[in-house]
Amino acid sequence: MTSPRAVLGRILTDLGSTLVEVVAGRADPARPVTGVLIHDPGDESARLPGAVVLGVGVYGAENVAALVGQARAVGAAALVVRSPVAVEGPVAEAAARHDLPVLGLTPGASWAQVAALLRALLATDEVGTVGRPGEPGGDDPLSGDLFAMANAAAGLVGGPVTVEDRGGRVLAFSSRQEEGDEARIATILDRQVPAEKLRALEQRGDFHNLYRSDGPIYIDDIAGKPRAAIAVRAGGEILGSIWVVVDGPLSEVQDRALRESAKVAALHLLRQRSSADAERRLRADLLATVLEGGAGASQAAARLGLTGQPACVLAVMAVDAGPPVSHVAPAATPADGPDPVSLPDRVAAGDLLAGALALHLSAIHPRAAVAGLGGVTYAVLPTTSAERAQRIAEEFLGRIGSRVPALIGIGRVAAGPTDLRQSRADGDRVLRVLAGGRSRLHVARLSEVYAASLLEDLSDRIAAEKDIPDGPVVRLRAHDARHQTAFTESLAAWLDSFGDVIAAAAAVHVHPNTFRYRLKRIAEVSGIDLSDPNDRFEAMLQLRLGLGER
């Protein structure tokens, strides 16, 4: 069997010449790397053994040394901090004591892009590995993942290589990027071709020539060093392109090598696309199994990395652009709230929500699982606090704004995978309350909307029994319908005003004496004893449930 590709040495080989360098400690090239964690001094530390920890905003020898210990305590494989790093004294001692290498990040490099590059490397490692000689693909220098292919192509063509999508985003790059020019270095640091460079190539017609040509094109009259480029195709579809910094026009051997590289790159890009689709389907199936409970829940949770830690469920649903509204009258019904979008539209909006939520939560906890199920997006967030989950959900809604209006129900914290089913039930109950318009909130826990949730349960029971009980509110509504009176509205206003006749009369725009007369007639028509607290409670409950409405 081949050894795992997701190791520290792989990261240092592919990123070391351009982005990071070892500044303290011993970097074991065989140390496994499982993910990326972004350090937040104001938040609880997630535990992900084998993660590369990004020390964003951590400066000074003492602070870096302290973070070395914290990172090792959560099982980190390496720590990255911004260069220059004062490596003498505390940092060197901490790195040696905890056996954790400290990597320095090149000044000017974006933390977000470094995180994306590291995740891309890990993702491609999961897709496939390079075989040994004699194994399938083992004798082919262009086999393996996209980064390995870029390195192989650079060796064959004789210049640093980037693989880019149609928008100029860098999907992979080779080593030796220091042999390029300033534009290439900027492209690698930002993981994106500079906008002015793209505009210049577009205006000159280079992209037009690139995508029309079956082979490489040569571009020499641009600022910086010449380039050779070739489109990456699958059938009639342009998947991207390969760009090489060269000294002059390609030789026949280089031309042939670049053509072969493009064919291999196409296979990798198609495989990554297929793998991503399959992974999304698999994660959705596993998450559905976890949330439904039963015999397979624990095994599915283990495959998602959700065991051994408390977690809670977030239930997210897209709604129309209208915000949730409060009750105008106590007898508010679900029609008073935001209209959930139709199921097909909700599924489409849910795809957007699921992708955005997965990206948002991945920066907070790498083991968060997100999937859309039946028009609702569910997320399992490892955390010990439902209040923290609520803050994270509110931050997410603040980020997406009005692009995809949504409501989020927060379930209770589950001690283990078998309890996540109840957490999901909580989230669904909250979501129904929010979508039904019984709350102004966009994000809530069950404890915040518990009474409204009980009203929803009572409404379900009444609807299932198909037998609306008689009562004072039902009789009042029938009288109002026959005689065009407003007794139900007046009773609701009086109850809402805690029996204050002056305030209730003002709410329905009548004179207080007229309102007092109405109260007398209400008691006569409905049979309610307004001095009895039990009668008042029953009337309030029937108003909230909308009993007797047509």
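Student: In this predicted model, does Q484 count as buried or exposed, and at what relative accessibility?

Tutor: Q484 is found in the loop between α15 (472-483) and α16 (487-496). The cut-off for exposed is over 50% relative accessible area. Q484 therefore counts as exposed, its relative accessibility being 69%.

Student: Which positive phi does F498 have, although it is not a glycine?

Tutor: F498 has its place in the loop between α16 and α17 (501-508). With a relative accessible area of 79%, F498 is exposed. Although F498 is not a glycine, its phi is positive, at about 55°.

Student: How many of the 12 residues of α5 are buried?

Tutor: Helix α5 covers residues 146-157 and reaches 16 Å from its first C-alpha to its last, close to the 16 Å expected at 1.5 Å a residue. Its buried residues include L146, F147, M149 and V157. The helix is largely enclosed by the rest of the structure, because the buried residues among its 12 number nine.

Student: How many residues has the largest nonpolar core?

Tutor: L15, L54, V80, L118, L146, M149 and I242 are the residues with the most contacts inside this core. Two of these names, L146 and M149, also appear among the buried residues of α5. The largest nonpolar core has 50 residues.

Student: Which residue does a cis peptide bond join to S83?

Tutor: The residue in question is found in the loop between β4 (78-82) and α3 (90-98). Omega of the bond is about 0°, and the partner of S83 is P84.

How values were computed
Residues numbered from 1 in each chain as written. Predicted model: local features only at pLDDT ≥ 70, side-chain atom pairs only at ≥ 80, totals over all residues. Heavy atoms only, no water. Core = buried A, V, L, I, M, F, W, Y, C linked by side-chain atoms within 4.5 Å. Buried < 20%, exposed > 50% of the residue type's maximum accessible area, 1.4 Å probe, protein only. Helix = DSSP H or I, 4+ residues; strand = E, 2+ residues; numbered from the N terminus. Expected span 1.5 Å × (residues − 1).
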